[in-house]
Amino acid sequence: MQEENIKKMAAFADTEIKDVPTLNILLCYLLYKIAKPVETEQLYEIAIGTGIVNYFYYQDSIDYLLKNGLISLDKDESGLEVYVLQPKGRECARELKTYAPKSYRDKLVLAALRYFARRKAEQELKIEYIKVENGYYVHIRCLDVSCDLMDMKLYAPDLAQAKMIGERVLLNPAGFYGKVVELALSNEEPPYDLSDN
């Protein structure tokens, strides 16, 4: 009896999607919410990276969506393969979204938004970890079209801490740059004590 209850609890704890029809709806919904073609590798990374989509179910779902005309596989202007949501897929996303749990829909869309924000940040920011004698430098460059907005190195005693600094900067590169500039502009010479006491 106790073993049976443990199996039931394990089944409820498993958050991975176990059926292709639900995944079909979720992938259409994700492409609908993104509202642009998505590179094949990007969609894979977003879906699998959430932890709710299994590789094999993902492959089965993509095959189904392509064969049934809900999505198409095209090439973008740079020649990369992209998935494009077709009218049938848009209709599926709008009409059937309630058949896929909202928590899964939200998790996938949020993962996509974070993924694309990170990709954009990585294009505007270059972070390099440079080994030095007693630790690492985190070399941070904020890039603009014609010049570097900022080029700086921060010291960290080990690679783990260096990577933690880099990850934190990547969370909000514009905010990091703004705080550095704000700190520089508000920095003042300390007052001197000229009293006769």
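Trainee: Where does threonine 22 lie?

Mentor: Threonine 22 sits in helix H2, residues 20-34. Helices here are DSSP runs of H or I with at least four residues, strands are E runs with at least two, and both are numbered from the N terminus. Before we go on: this is a predicted model, where local features need pLDDT of at least 70 and side-chain atom pairs count only at pLDDT 80 or more, while totals for chains, interfaces and linings use all residues. Residues are numbered from 1 along each chain as its sequence is written, and side-chain values use heavy atoms, with hydrogens and water left out.

Trainee: Why does threonine 22 count as buried?

Mentor: Buried means under 20% relative accessible area, exposed means over 50%, and partly exposed is in between, with a 1.4 Å probe and protein chains only. Threonine 22 has 13% relative accessibility, so it counts as buried.

Trainee: What is threonine 22 in contact with, neighbours within four places in sequence aside?

Mentor: Contact means heavy atoms within 4.5 Å. Threonine 22 has Ile17, Tyr99, Ala100 and Pro101 as contacts on that basis. Also, its C-alpha is 9.3 Å from that of leucine 96, although 74 residues separate the two in sequence.

Trainee: Why does asparagine 54 count as buried?

Mentor: Asparagine 54 comes in at 19% relative accessibility, and therefore it counts as buried. Its place is the loop between helix H3 (40-49) and helix H4 (55-67). Beyond its neighbours within four places in sequence, asparagine 54 touches Glu16 and Ile48.

Trainee: What makes the pair of asparagine 54 and phenylalanine 56 a polar contact?

Mentor: A polar contact is a pair of N or O atoms within 3.5 Å; within protein, one must be able to donate a hydrogen and the other to accept it, and residues adjacent in sequence count only if both atoms are side-chain atoms. Here a polar side-chain atom of asparagine 54 lies 2.7 Å from the backbone nitrogen of phenylalanine 56.

Trainee: How do you know that the span of helix H7 agrees with what is expected?

Mentor: The expected span is 1.5 Å times one less than the number of residues. H7 has 13 residues (159-171), so it should span 18 Å, and its end C-alpha atoms are indeed 18 Å apart. H6 can be checked too: it has 23 residues and reaches 33 Å from first C-alpha to last, close to the 33 Å expected.

Trainee: Which residues of H7 are buried?

Mentor: Ala162, Gly166, Val169 and Leu170. They are on the same side of H7, because they cover an arc of only 100° around the axis, the arc being that of the directions from the helix axis to the C-beta atoms. On the other side, Ala160, Met164, Arg168 and Leu171 are exposed. The cover over the buried residues includes helix H6 (102-124), strands S4 (125-132), S5 (135-143) and S6 (148-156), and helix H8 (173-186).

Trainee: What caps the N-terminal end of H7?

Mentor: Aspartate 158 does, with a side-chain oxygen 3.2 Å from the backbone nitrogen of alanine 160.

Trainee: How many bridges pair S4 with S5?

Mentor: Two strands pair if DSSP finds at least two bridges between them. S4 and S5 have 8 bridges, in the antiparallel sense. One of the partnerships puts leucine 125 with cysteine 142 in S5. H7 packs on this sheet, touching S4, S5 and S6, and its direction makes about 170° with that of S4. Such angles run from 0 to 180 degrees between N-to-C directions, with axes as lines fitted to C-alpha atoms, for helices over the stretch in contact.

Trainee: What is the strand order in the open sheet that contains S1?

Mentor: The order is S1-S3-S2, 3 strands with antiparallel pairing. S1 (38-39) and S2 stand at the edges with a single partner strand each, so one side of each is left without a neighbour in the sheet. S1 joins S3 through 2 bridges, and valine 38 stands opposite tyrosine 83 in S3.

Trainee: And how many bridges pair S2 with S3?

Mentor: Strands S2 (residues 71-75) and S3 (residues 81-85) pair over 5 bridges, again antiparallel. They form a hairpin with 5 residues between them, and glycine 79 in the turn has a positive phi of about 90°.
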